[in-house]
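Work through the exercises below with the sequence and the 3D view side by side. Try each task before you read its solution.

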Amino acid sequence: MQVTEHIASLSEEGRLLAAAAEQAGPGASVPTCPGWQIRHLLRHTGMVHRWAAAFVTEGHTAYQPDGGEPDLDGAELLAWFREGHGHLVRSLEGAPADLECWTFLPAPSPLAFWSRRQLNETTVHRVDAESALGGPLTLVSADRAVDGIDELLTGFHARPKSRVRSDKPRTLRVRAVDTAATWTVRISEDPPQTVRTAGDDGTEDVDCELSGTAEGLCLTLWNRLPLTAVTLRGDRAVARLWTDNSAVTW
């Protein structure tokens with residue numbers, strides 16, 4: 001996806017998140033984040049938005065800590081979230097293509113990194129907000145879902161921070177049936193190694209395969225849907241190895 005598309009989608013996802021949070025109310029439980037209420041979700045996501053925007057607007061070339069979560073609630077908290085989300089969108093829209101600032105995953109450019117990262121961050125937390133309502137979730141398009149899977153498998157879990165490890169080498173295949181994307185994830189004592197192939201190119205024997213729509217796979221791999229949301233073939237313990245150890249902070 002192009003940077004402009006990421007930013008436009010980020011704008012919409014933040015609007016949907018705020019609308020769902022407002023409808024649910026600050027004290028509503030968030031089923032996808034056990035122990036959280038909507039107020040915790042808004043504080044966290046709003047903090048992340050401001051943290052990201054600071055790198056874009058201030059051009060920090062080294063890691064900077066976030067500013068912490070506010071002691072706000074109710075309508076005041078919701079307004080604070082909307083203000084920070086709008087600031088992030090405007091910051092990305094106004095950033096130069098040759099922006100130089102700190103990032104933490106490979107990307108074509110810092111602007112491409114932050115627009116993609118904040119889109120995927122906000123999409124996942126929009127799902128969290130909508131889960132508090134107990135109704136259907138807003139659709140994630142196949143191309144955006146593929147991008148979210150890519151970032152998770154080839155970005156976050158390629159890092160030494162990944163806790164997805166196994167003393168016995170295991171192989172997990174992820175197949176999106178509505179696209180031409182297949183990922184093969186090799187799990188060992190080292191960080192997972194993922195290779196993406198096109199369609200039926202991923203034909204080697206694996207220990208476990210998860211297949212489904214790109215959206216279903218994306219939300220399952222990000223632990224927002226249960227394993228029952230996709231089709232599992234092979235050793236369920238390999239899938240559990242993923243779901244039990246793949247939670248991401250940043």
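**Exercise 1: Two cysteines**

C218 counts as buried, because its relative accessibility is 7% and buried means under 20% relative accessible area, exposed over 50% and partly exposed in between (1.4 Å probe, protein chains only). The model is predicted: local features need pLDDT of at least 70, side-chain atom pairs count only at pLDDT 80 or more, and totals for chains, interfaces and linings use all residues. Residues are numbered from 1 along each chain as its sequence is written, and side-chain values use heavy atoms, with hydrogens and water left out.

Task: find how many disulfides there are.

Solution. Start with the idea: a disulfide is a covalent bond between the sulfur atoms of two cysteines. Next, apply the cut-off: the two sulfur atoms must lie within 2.5 Å. The count comes to zero disulfides. Now check C33: its nearest cysteine sulfur is that of C218, 14 Å away. Finally, look at burial: C33 has a relative accessible area of 11%, so C33 is buried.

**Exercise 2: The sheet**

Task: give the order of the strands in the sheet, then describe how β2 pairs with β3.

Solution. First, the terms. Helices (H or I, at least four residues) and strands (E, at least two) are DSSP runs, numbered from the N terminus. Two strands pair if DSSP finds at least two bridges between them.

- Step 1. Five strands form an open sheet, in the order β3-β2-β1-β4-β5, with mixed pairing.
- Step 2. β3 and β5 (231-234) stand at the edges with a single partner strand each, so one side of each has no neighbour in the sheet.
- Step 3. Strands β2 (residues 181-187) and β3 (residues 193-198) run antiparallel and are joined by six bridges.
- Step 4. Locate one bridge: R186 has Q193 in β3 as its partner.
- Step 5. Follow the chain: a hairpin of five residues leads from β2 to β3.
- Step 6. At the other edge, β4 (residues 208-212) pairs with β5 over four bridges, in the antiparallel sense. There, C208 stands opposite G234 of β5.

**Exercise 3: Helix α4**

Task: test the length of helix α4, then say whether E130 is buried or exposed.

Solution. The expected span is 1.5 Å times one less than the number of residues. Helix α4 (residues 110-131) has 22 residues, so it should span 32 Å; its end C-alpha atoms are 31 Å apart, which agrees. Now check the cover: 22 of its 22 residues are buried. E130 lies in this helix. At 7% relative accessibility, E130 is buried. Last, list contacts (heavy atoms within 4.5 Å). Leaving out residues up to four places away in sequence, E130 touches L16, A20, G135, P136, L137 and T138.

**Exercise 4: Rings**

Task: classify the ring pair of W102 and F104.

Solution. Rings of Phe, Tyr and Trp (its six-membered ring) pair if their centres lie within 6.5 Å; planes under 30 degrees apart are stacked, over 60 edge-to-face, and the rest tilted. The structure holds 14 aromatic pairs. W102 and F104 are 5.6 Å apart centre to centre, with 35° between the planes, so by the cut-offs this pair is tilted. Both W102 and F104 are buried. Zoom out: ring pairs link W51, F55, Y63, W102, F104, F113, W114, F156 and W222 into a cluster.

**Exercise 5: After α7**

Task: place T249.

Solution. T249 is in the segment after α7 (236-245). Its relative accessibility is 71%, so T249 is exposed. T249 and F156 are 93 residues apart along the chain, and their C-alpha atoms are separated by 9.5 Å.
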